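The following note sets out points for a colleague who is reading the structure alongside its sequence. The points are grouped by topic and may be read in any order.

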Amino acid sequence: DGFFCRRSGDRSGPGRVFVDAKERRGVAKMESLVLELFKVRAVKFGSFVLKSGISSPVYIDLRVIVSHPILLNQVSELLWLTANNAGIKCNSVCGVPYTALPLATIICSSKKIPMLIRRKEAKDYGTKRLVEGAVNPGETCLIIEDVVTSGSSVLETAEVLCKEGLKVTDAVVLLDREQGGKAILEEEGIRLHSVCTLSRLLDILQVQGKIDSEIVESVKTFIRENACPPVHKMINGSTKQLNYQPDGIPAKKPYQEISYGARAQLPEIHPITAQLFKIMEKKETNLCLAADVTSSKELLQLADSLGSEICVLKTHVDILDDFNPAVFKELKAIADKHEFLIFEDRKFADIGNTVKHQYEGGIYKIASWSDFVNAHVVPGPGVVKGLKEVGLPLNRGCLLIAEMSTEGSLATGEYTKTAVKLAEKHSDFVIGFISSSNISNRLDFIHMTPGVQMQTGADNLGQQYLSPEEVIHKKASDIIIVGRGILTAKDCVEAARMYKKAGWAAYLNRLLSAKG
């Protein structure tokens with residue numbers, strides 16, 4: 001009922017290892033799973049820039065398996081089998097949002113086990129709960145995850161569950177990237193059980209002729225050089241923030257610099273952000289013109305005459321004395337001609353239902369022509385949710401106002417941190433920030449800074465001005481927003497070219513400094 005297999009390269013009798021039929025079937029199932037994951041491109045090899053800016057030779061995206069029901073069921077079955085083999089006892093199961101949710105659903109449905117759903121944020125209506133389902137304090141909940149790197153997502157889920165009075169002792173993951181997550185979880189009292197490790201996946205693919213030894217070695221070197229150090233995050237109360245980027249790679253420094261073009265290729269980047277980075281790279285400009293004029297004719301003239309120098313045109317539709325819907329049809333045509341995006345500086349700051357109507361309706365119908373807008377975070381998550389209901393289906397984006405360039409601004413400290421957290425929770429719609437500096441490690445967020453002139457200083461109304469070098473190079477923002485420095489110049493075109501050149505030179509200096 002079994003068979004013998006020799007150790008690799010060993011032809012002698014004593015080196016034989018006995019493998020029974022059950023283990024043989026397990027090996028066959030694992031090989032089948034790995035090959036299928038490779039086939040559907042859930043595992044890719046090449047050069048991939050992660051959100052942390054680190055270049056990785058492997059990219060794992062298990063979300064694609066939801067479109068392959070047979071594979072989805074196979075993965076779910078192996079996760080549950082791994083839990084059983086480990087002797088795990090639990091009263092309920094919770095999948096880490098969002099990729100593991102369908103896996104947990106299949107497990108709970110097929111095995112008749114209660115399921116819990118952890119929300120990434122509480123709704124601002126109804127029960128406002130972070131955990132949905134029948135929560136019975138004192139019971140044990142098993143966490144299901146798709147991939148573990150640092151273990152931060154599992155820890156965050158465990159923390160939420162424990163605050164509800166549940167016990168979390170174990171987590172089962174499909175793939176352990178072997179970058180320290182298992183040890184980190186064990187330090188916090190959570191045992192990690194994996195269906196497969198990245199090393200084993202590599203070995204199977206190499207044996208099956210899908211990848212060569214060079215790829216295997218490059219990935220294993222990457223794993224060794226990017227191991228996650230231990231962290232201390234207590235799952236039963238107040239915690240220290242984990243020092244990891246969103247993709248689980250430990251942050252080697254607060255900000256890792258790569259080019260606009262490389263950032264456009266980041267996985268999961270918002271289409272608007274990707275388009276903007278590509279425009280910036282192609283036209284060699286990080287200049288946004290603040291076209292704060294009151295005449296539609298002047299707005300269109302500025303757009304056409306300066307369009308080749310800018311990557312974004314910022315409008316204030318509500319200050320136009322002669323607004324006409326036809327104006328923005330013409331403006332869109334000019335934007336397409338010169339390749340720039342339109343940003344309506346609306347600064348939404350009301351409850352969700354109100355901003356929703358302000359965005360899609362009224363006489364301006366902003367959502368129909370503006371590529372992205374901006375919003376204050378004073379109203380809380382509702383303002384983003386309301387805008388997202390309108391903008392997401394239209395593939396629009398939104399900037400959150402995290403800092404302002406006026407003297408005495410209250411948008412500082414905790415307010416700014418709250419804006420960053422809100423952006424991270426809604427990164428399918430929020431594309432970045434209005435800020436005076438780079439405030440987020442995430443390279444898929446864009447930072448735009450107003451109040452830029454060639455010389456630092458201030459006006460008599462409290463507007464603080466910074467130079468392009470200060471904003472782009474020293475403060476690591478991405479786009480300079482210039483208004484009066486161009487609009488009041490004798491030659492607007494020449495002034496725009498001057499700011500374009502200065503902004504781009506500051507960007508190149510930043511890249512050189514990073515390399516140095």
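**Notes on the predicted model**

1. Phe433 and Phe445 are both buried. The model is a predicted one, and in it the two ring centres lie 5.3 Å apart with the planes at 75 degrees, so the pair is classed as edge-to-face. Phe433 belongs to strand S16 (residues 430–434), whereas Phe445 sits in the loop between S16 and strand S17 (446–449); the pair therefore ties together parts that are 12 residues apart in sequence. Phe445 has a further neighbour in Arg442, which lies over the face of its ring at 4.6 Å from the ring centre.

2. Phe445 also takes part in lining the second largest cavity, together with Glu268, Ile269, His270, Ser427, Val430 and Asp444. This cavity holds about 40 Å³ of space. By class, its lining has 3 nonpolar, 2 polar and 2 charged residues.

3. A search of the whole structure yields 2 cavities of 30 Å³ or more. The largest has a volume of about 50 Å³. Its lining consists of Leu33, Val34, Leu37, Val43, Ile60, Leu62, Leu174, Leu175, Cys196 and Leu201. Helix H1 (21–39) and strand S9 (170–176) are the elements that give two or more residues to this lining, and H1 provides the largest share, 3 residues. In contrast to the mixed lining of the second largest cavity, the lining of the largest has 10 nonpolar residues, with no polar and no charged ones.

4. Aromatic pairs number 12 in the whole structure. One of them is formed by Tyr260 and Tyr507: their ring centres are 3.9 Å apart and their planes stand at 5 degrees, so this pair is stacked. Tyr260 lies in helix H8 (residues 260–264) and Tyr507 in helix H17 (residues 492–515), so that the contact links distant parts of the chain, 247 residues apart. Both tyrosines are buried. They also belong to one aromatic cluster, together with Phe277 and Trp504.

5. How many salt bridges does a search of the whole structure find? The search gives 23. One of these joins the side chains of Asp170 and Arg191, at 3.0 Å from N to O. The pair links distant parts of the chain, with Asp170 in strand S9 and Arg191 in strand S10 (residues 191–197), 21 residues apart. The two partners differ in their surroundings: Asp170 is buried, with a relative accessible area of 4%, whereas Arg191 counts as partly exposed at 46%.

6. Helix H17 also takes part in a salt bridge, through Lys500. The partner of Lys500 is Glu309, with the closest N and O atoms 3.7 Å apart. Glu309 is in the loop between helix H10 (296–306) and strand S12 (312–315), 191 residues from Lys500, and the pair links distant parts of the chain. Lys500 and Glu309 are both buried.

7. Asp428 and Lys388 form another side-chain salt bridge, at 3.3 Å from N to O. Asp428 is placed in the loop between helix H14 (413–425) and S16, and Lys388 in helix H13 (residues 381–391), 40 residues apart. Asp428 is partly exposed, at 37% relative accessibility, while Lys388 is buried, with a relative accessible area of 16%. Elsewhere, Asp292, Lys314, Asp345 and Lys347 are joined into one network by salt bridges that share partners.

8. Some backbone geometry deserves attention in review. Most residues other than glycine have a negative phi, and most peptide bonds are trans. Pro97 and Tyr98 are joined by a cis peptide bond, with omega at about 5 degrees. Tyr98 is in the loop between strand S5 (92–95) and helix H3 (101–111).

9. Positive phi values occur at Lys112, near 60 degrees, and at Glu284, about 55 degrees. Lys112 lies in the loop between H3 and strand S6 (115–118), and Glu284 in the loop between helix H9 (271–283) and strand S11 (287–290). Is each of these sites buried, partly exposed or exposed? Lys112 is exposed, with a relative accessible area of 69%, and Glu284 is partly exposed, at 45%.

Methods:
Residues numbered from 1 in each chain as written. Predicted model: local features only at pLDDT ≥ 70, side-chain atom pairs only at ≥ 80, totals over all residues. Heavy atoms only, no water. 1 Å grid on protein atoms, 1.4 Å probe; cavity = no way out; pocket = protein on both sides within 12 Å on 5 of 7 lines; lining within 4 Å. Points joined across faces, edges and corners; volume = space filled by probe spheres on them. Helix = DSSP H or I, 4+ residues; strand = E, 2+ residues; numbered from the N terminus. Nonpolar A, V, L, I, M, F, W, Y, C, P; charged D, E, K, R; others polar. Phe/Tyr/Trp six-rings, centres within 6.5 Å; stacked < 30°, edge-to-face > 60°. Buried < 20%, exposed > 50% of the residue type's maximum accessible area, 1.4 Å probe, protein only. Lys NZ or Arg CZ within 6 Å of the ring centre and 35° of its normal. Salt bridge = Lys/Arg side-chain N within 4 Å of Asp/Glu carboxyl O.
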